[in-house]
Amino acid sequence: MTKTAGAESERPGPDPALFDKIVNLCKRRGIVFGSAEIYGGFRSAYDYGPIGAQLLRNVKDAWWRSMVQMRSDVVGLDASILGPPQVWEASGHLKNFTDPLVDCTVCKTRHRQDQLDDPDLCPNCGSRGTFTEARAFNLMFRTQAGPVEDAGAEVYLRPETAQGMFVNFKNILETSRKRPPFGIAQVGKSFRNEITPGNFVFRTREFEQMELEFFVPPVEAPQWYEYWLAERLRWYADLGIPTHQLRLRAHDADELSHYSSGTSDVEFLFPWGWGELEGIANRGDYDLRQHAEHSGQKLEYFDQASGERYVPHVIEPAAGATRALMAFLLAAFRTEVVNDELRTVLGLHPRLAPYKVAVLPLSRKEPLPGLAGDVLAMCQPHWMCDYDETQAIGRRYRRQDEIGTPLCVTVDFESVDDRCVTVRDRDTMAQDRVPIDALVEHLTGRLDL
Ligand code: GAP
């Protein structure tokens with residue numbers, strides 16, 4: 001079954017050129033850098049620069065706002081990244097979290113067998129029939145804790161944040177006074193030793209996830225699964241991704257993870273075609289039963305009103321923060337010609353925009369920077385603001401458009417006398433004169449955060 005969130009005929013195809021434009025913009029404007037570039041780079045890891053760090057934070061905050069802050073049936077968690085082997089034994093990751101790996105015996109490159117267009121053809125050197133037998137390659141990073149390298153010191157970097165919610169289920173049930181249906185949400189880093197990282201931050205070995213484990217009475221699982229499919233699709237659309245670039249795709253039975261009895265992906269139309277943004281899985285009671293069995297603890301819910309005791313089923317919307325950031329950038333990017341000049345705009349939703357407001361004195365001559373500094377100080381307690389006094393004002397507007405700043409506030413020589421500033425809109429480029437005394441209220445109304 002493939003459900004779509006828009007009419008098929010309206011959909012433009014993917015735009016391969018857009019990928020390079022975004023990668024260039026990210027580097028040029030300090031959004032994303034290759035990791036350890038001064039040493040020649042470190043493939044599959046990335047550093048988020050001043051603009052990117054703020055954008056990533058805003059993506060995660062928008063998720064937390066929608067999944068935790070705006071709900072009374074979800075609580076948050078921040079669990080450890082390092083975990084003992086028992087957790088991964090119980091979760092099934094030690095045995096099942098593998099990809100089929102093949103080596104080309106001619107060019108010595110490694111490939112994921114399940115991602116090859118032709119299972120006998122090496123995409124690197126073009127040799128046919130030169131692959132080794134596929135072997136199961138476990139994606140977890142293993143290391144040791146403490147100074148002694150014996151078997152007892154073995155630990156793993158988590159490959160998903162989800163297990164933190166399952167191992168803390170009892171703690172949270174006892175301390176939060178929640179009862180099913182309720183959820184535990186977490187945002188944080190996960191690590192996978194991917195065989196084929198690539199497509200910029202789409203698939204990396206270190207990435208950030210935003211996951212919810214929603215615990216429900218078993219009979220309610222199907223309806224909650226449908227509920228979360230619709231909710232999660234809506235989240236991306238509400239934050240500005242056009243619906244024709246989004247769709248839901250149900251997994252075939254042979255695609256399902258070891259824990260899942262049903263999964264659908266929210267997919268985005270990336271420049272190379274449809275790709276997963278988020279998986280929404282019906283994990284049943286797999287995880288709680290596994291951890292109960294391995295830990296010897298009771299992981300169940302006792303309903304005092306009905307006298308019923310049961311192991312809740314789990315619906316899991318699991319999103320990637322870094323992957324979502326890439327989708328938001330791709331969807332927001334546009335260029336247009338204004339007065340014979342090319343204008344690049346990141347039409348980001350104001351909630352995601354790294355800076356909400358930029359304060360720009362028209363000239364570097366006093367008293368303008370002094371007054372602009374006062375305006376900046378008024379705005380900073382409310383929003384993340386940029387300040388720029390270099391170059392011509394038109395150039396400065398373009399620089400803000402390119403990083404998605406919704407509103408620019410310009411302080412000019414008249415401002416000194418009339419105590420008004422010009423507010424310029426990123427999308428319409430319209431300019432309004434606003435009294436400084438009313439500025440915070442005016443911007444609050446315009447930003448609609
Ligand atoms: N707890 C379930 C789980 O982890 P997943 O589909 O493997 O499910 C959830 O991961 C999301 O995490 C994916 O939809 C994707 O957005 C993100 N993700 C997974 N692997 C990633 C990687 N190597 N690089 C970047 N993001 C990744």
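**Ligand surroundings and domain arrangement**

In this predicted model, the side chain of arginine 192 places an N or O atom 2.8 Å from an oxygen atom of the ligand. An oxygen atom of the ligand also lies 2.9 Å from a polar backbone atom of leucine 277. In addition, an N or O atom in the side chain of arginine 283 is found 3.5 Å from a nitrogen atom of the ligand. On its own, the ligand has 550 Å² of accessible area, and the protein covers 91% of this.

The ligand is surrounded by 21 residues, of which Glu160, Glu194, Thr204, Glu211 and Glu276 come nearest. By residue class, the shell around the ligand consists of 10 charged, seven nonpolar and four polar residues. At least two residues of this shell are supplied by each of the strands β12 (206-216), β15 (273-284) and β18 (313-320). The most is given by β15, with five residues.

The domain assignment divides the chain into domain 1, made up of two segments (2-82 + 161-330), and domain 2 (355-447). Taken over C-alpha atoms, the centres of domain 1 and domain 2 are separated by 36 Å. Six residues from domain 1 and six residues from domain 2 take part in the contact.

The size of an interface is often expressed as the accessible area lost when the parts come together. Between domain 1 and domain 2, about 610 Å² is buried, with 48% of it on carbon and sulfur atoms. Of the area that domain 1 buries against domain 2, 70% is supplied by Arg29, Ile51 and Gln54, more than by any other three residues.

Technical notes: Residues numbered from 1 in each chain as written. Predicted model: local features only at pLDDT ≥ 70, side-chain atom pairs only at ≥ 80, totals over all residues. Heavy atoms only, no water. Near = heavy atom within 4 Å. Polar contact = N/O pair within 3.5 Å; in protein donor to acceptor, adjacent residues only side chain to side chain. Areas by Shrake-Rupley, 256 points an atom, 1.4 Å probe, with all protein chains shown as cover. Helix = DSSP H or I, 4+ residues; strand = E, 2+ residues; numbered from the N terminus. Nonpolar A, V, L, I, M, F, W, Y, C, P; charged D, E, K, R; others polar. Domains from an automatic or database assignment. Contact = heavy atoms within 4.5 Å. Buried area = accessible area lost by both parts, 1.4 Å probe.
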